[in-house]
Amino acid sequence: MKSCELILALDMGSRDEALNLLKEIGPDLKWVKLGLQMFTAHGPDWVREVAGLGFNIFLDLKLHDIPNTVAKTVQSLSHLPIGMLTIHSCGGVEMMAAANQVRLHQKPDLLLLGVTVLTSMDEQQLRRVGVPATPPGQVHNLASAVVESGVPGLVCSAKELHLLAPEFGKQLQFVTPGIRPLGSSADDQKRVVTPGQAAASGSNYIVVGRPIYKAESPREAVRAINMELA
Ligand code: C5P
């Protein structure tokens, strides 16, 4: 089985709360995901600050615009100390390819990720926006668009990996949220898998938020997940 690494989703309202959590967890954690909420509130300096603590940064901004605008935004972001960045794959092959060209020239080590179908979308919601496919069918359509664009990875549910890993596993890295260790609350996630199941299905990285930052001991929660992944 290939290796699978843990990413903590730092979905907290307050900077101080987030910094205290990171200090408490310490060196067992390597990757932190910063989303739109914190980036909008605290800006690029927040990214530099968390990176300065020694963490690798997954900047989850889910960019979705015309090719020129997304490419220029990736160009601006390439000056930040980030290791992963998301764009929406439904922005199209041309848009993803333009973003990827900037990555190749400015920051070839950046793992650019195409977000596939949001887990908040069901079949009815997809139809309402003119997509006749089922969610797994649409994830597969978008995965082949990601490969065509040259973008090196995607975000999907680990439940969909059996459809993607055999066909695209050599070309793409897979990042999967919706992870719950056995015994933890599913919260608002509908289709959850355990860290071990996600790794066995072919995830390269799992994204975990509440089961860590709401745990009695976040440090122990990180250690337990790392043990399961190993
Ligand atoms: O707290 P929890 O482990 O559910 O957090 C999951 C993280 O992954 C959140 O930051 C959420 O926005 C993100 N995510 C997700 N489902 C997707 C894409 C991203 O849960 N399809």
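**A pocket, two cores and some salt bridges**

Student: Which helices and strands each supply at least two residues of the lining of the largest pocket?

Tutor: Helices (H or I, at least four residues) and strands (E, at least two) are DSSP runs, numbered from the N terminus. A pocket is an open set of points on a 1 Å grid over the protein atoms alone, where a 1.4 Å probe fits and protein lies on both sides within 12 Å along at least five of seven lines; its lining residues have an atom within 4 Å of a point. Two helices and two strands fit the bill: H6 (135-149), H9 (210-213), S3 (56-63) and S8 (205-208).

Student: What sort of model is this?

Tutor: Residues are numbered from 1 along each chain as its sequence is written, and side-chain values use heavy atoms, leaving out hydrogens and water. Local features need pLDDT of at least 70, side-chain atom pairs count only at pLDDT 80 or more, and totals for chains, interfaces and linings use all residues, since what you're looking at is a predicted model.

Student: What volume does the largest pocket have?

Tutor: Grid points are joined across faces, edges and corners, and the volume is the space filled by probe spheres set on them. For the largest pocket, that comes to about 930 Å³.

Student: Which lining residues are the closest to its centre?

Tutor: There are 36 residues lining the largest pocket. By class, 17 of them are nonpolar, seven polar and twelve charged. (Ala, Val, Leu, Ile, Met, Phe, Trp, Tyr, Cys and Pro count as nonpolar, Asp, Glu, Lys and Arg as charged, and the others, Gly among them, as polar.) The closest to the centre are Thr119, Ser120, Pro177, Gly178 and Gln189.

Student: On to the cores. Which helix gives the most to the largest nonpolar core?

Tutor: A nonpolar core is a set of buried Ala, Val, Leu, Ile, Met, Phe, Trp, Tyr and Cys residues joined through side-chain atoms within 4.5 Å, where buried means under 20% relative accessible area, exposed over 50% and partly exposed in between (1.4 Å probe, protein chains only). The largest one has 68 residues, with Leu10 and Leu59 touching the most other members. Six of its residues come from the top helix, H2 (36-52).

Student: How many residues are in the second, separate core?

Tutor: Trp31, Leu111, Val155 and Val207 are among its members. The full count for this second core is twelve.

Student: How far apart in sequence are the parts tied together by lysine 33 and aspartate 60?

Tutor: These two form a salt bridge, with their closest N and O atoms 2.8 Å apart; the term means a side-chain nitrogen of Lys or Arg within 4 Å of a carboxyl oxygen of Asp or Glu. Because lysine 33 lies in strand S2 (residues 31-35) and aspartate 60 in strand S3, the gap is 27 residues.

Student: Are lysine 33 and aspartate 60 buried or exposed?

Tutor: Lysine 33 has a relative accessible area of 11%. Aspartate 60 comes in at 8%, so both count as buried.

Student: Which residues are linked with Arg210 in a network of salt bridges?

Tutor: Aspartate 188 pairs with arginine 210 at 2.6 Å between the closest N and O atoms. For arginine 210 and aspartate 187, that distance is 3.8 Å. The network links Arg210 with Arg180, Asp187 and Asp188.

Student: What phi does aspartate 187 have?

Tutor: Aspartate 187 sits in the loop between S7 and H8. Its phi is positive although it is not a glycine, at about 55 degrees.
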